[in-house]
Amino acid sequence: MREKERARPSQRSLRRSIEMKAQDKSHKAYQPSLPSESELLAKSAALREQMEQRRSLRFFSSREVPERVIQDLIMTASSAPSGANKQPWSFVAISGTDLKKKIRKAAEKEEREFYEHRAPDSWLKDLEPFGTDANKPFLETAPWLIVVFRENVDPMGGKNYYVQESVGIACGFLIAAIHQIGLVTLTHTPSPMNFLSSLLDRPANEKPYLLLPLGYPAEDATVPVIEKKSLEEVAQFYR
Ligand SMILES: Cc1cc2nc3c(=O)[nH]c(=O)nc-3n(C[C@H](O)[C@H](O)[C@H](O)COP(=O)(O)O)c2cc1C
């Protein structure tokens, strides 16, 4: 028998291994259909092209988005990996006009402090190309705001692990999902964000992580012209 053939498990031993694992109720088979190499090349190129079109939007249409869509987006985000599968996040979705208005007012108060006093000159200079200021009308215009909270400990006080990393990955899933279905969002971080805990009456184990307005872009929306780093700048291959 040639080396390659010996290394590959026979169909019978593969089936036996699956049967044995099936008896262990803590695991289940994971056997998705595998793409061929040409499918892989086509899929990765298409995904790259699609994801490279994602932009942070600061101009939203008030056109409504069904709540069911928001539920699906949140559950997509919540399928993300997390330290010891603790899923240390809460997604608070807001569409009520009054609450959005309160959030805008409180966020703009913090942002005014930031732009007028707290931000060092170097930070303000880095923000210049984006033309941002303390005014955040999108917090009222966008049909939905999702506030993501991180849970440093679980509701019973139990330990969570790699909370920042886990919640960051879940937010990445959420942002990618919003783009994939043709809507837009902004990764917004009015700083500090503690006002969100009190306005939304959140439990003490939760800390605000990101505020994401989401919806359709305004018809006359623009985005800053920016450059993304090249493959050579962001990746090194050790072959
Ligand atoms: C953690 C994080 C915080 C951000 N906070 C803000 C913010 O408070 N306000 C804002 O207008 N943009 C914010 N942004 C958006 C960035 O400015 C934007 O992602 C960046 O300029 C790249 O543009 P792009 O998302 O269109 O590729 C934030 C982005 C990240 C990842």
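Two residues are in contact if their C-beta atoms, placed from the backbone, lie within 7 Å. The exercises below concern a predicted model.

**Exercise 1. Place Ala 134 in the fold, and find which residues it touches beyond four places away in sequence.**

Solution.
- Step 1. Locate the residue: Ala 134 sits in the loop between helix H6 (121-127) and helix H7 (138-141).
- Step 2. Apply the contact cut-off, leaving out residues up to four places away: Ala 134 then touches Glu 108, Glu 111, Arg 112 and Tyr 115.
- Step 3. Take one of these partners, Arg 112: its C-alpha atom and that of Ala 134 are separated by 5.1 Å, although the two are 22 residues apart along the chain.
- Step 4. Decide on burial. A residue is buried with 20 or more other C-beta atoms within 10 Å and exposed with 12 or fewer. Ala 134 has 15, so this residue is partly exposed.

**Exercise 2. Check whether the span of helix H8 agrees or disagrees with its number of residues, then describe what its buried residues pack against.**

Solution.
- Step 1. Helix H8 covers residues 163-180, which is 18 residues.
- Step 2. At 1.5 Å a residue the expected span is 26 Å; the end C-alpha atoms are 25 Å apart, so the two values agree.
- Step 3. List the buried residues of H8: Val 163, Ser 166, Val 167, Ala 170, Cys 171, Leu 174, Ile 175 and Ile 178.
- Step 4. Find their partners. The buried residues of H8 pack against one helix, H4 (67-77), and against strands E1 (89-94), E2 (144-151), E3 (184-185) and E4 (206-215).
- Step 5. Look just past the helix: Gly 182 has a positive phi of about 95°.

**Exercise 3. Describe the protein chain as a whole: is it compact or spread out?**

Solution.
- Step 1. Count the elements: the protein chain has ten helices and four strands, in the order α-α-α-α-β-α-α-α-β-α-β-α-β-α.
- Step 2. Compare the radius of gyration with the globule rule. The protein chain has 23 Å, well over the 18 Å given for 239 residues, so it is more spread out than a compact globule.
- Step 3. Add the outline: along the principal axes, the C-alpha atoms fill a box of roughly 75 × 45 × 35 Å.
- Step 4. Add burial and contacts. Buried residues are 23% of the 239. Of the contacts with a separation of 6 or more, 80% join residues 24 or more positions apart.

**Exercise 4. Sort the shell around the ligand by residue class.**

Solution.
- Step 1. Collect the surrounding residues: Arg 55, Ser 56, Arg 58, Phe 130, Thr 132, Leu 186, Thr 187, His 188, Thr 189, Val 223 and Ile 226.
- Step 2. Sort them: four are nonpolar, five polar and two charged.

Methods:
Residues numbered from 1 in each chain as written. Predicted model: local features only at pLDDT ≥ 70, side-chain atom pairs only at ≥ 80, totals over all residues. Near = placed C-beta within 6 Å. Nonpolar A, V, L, I, M, F, W, Y, C, P; charged D, E, K, R; others polar. Helix = DSSP H or I, 4+ residues; strand = E, 2+ residues; numbered from the N terminus. Rg over C-alpha atoms; globule rule 2.2 N^0.38 Å. Expected span 1.5 Å × (residues − 1).
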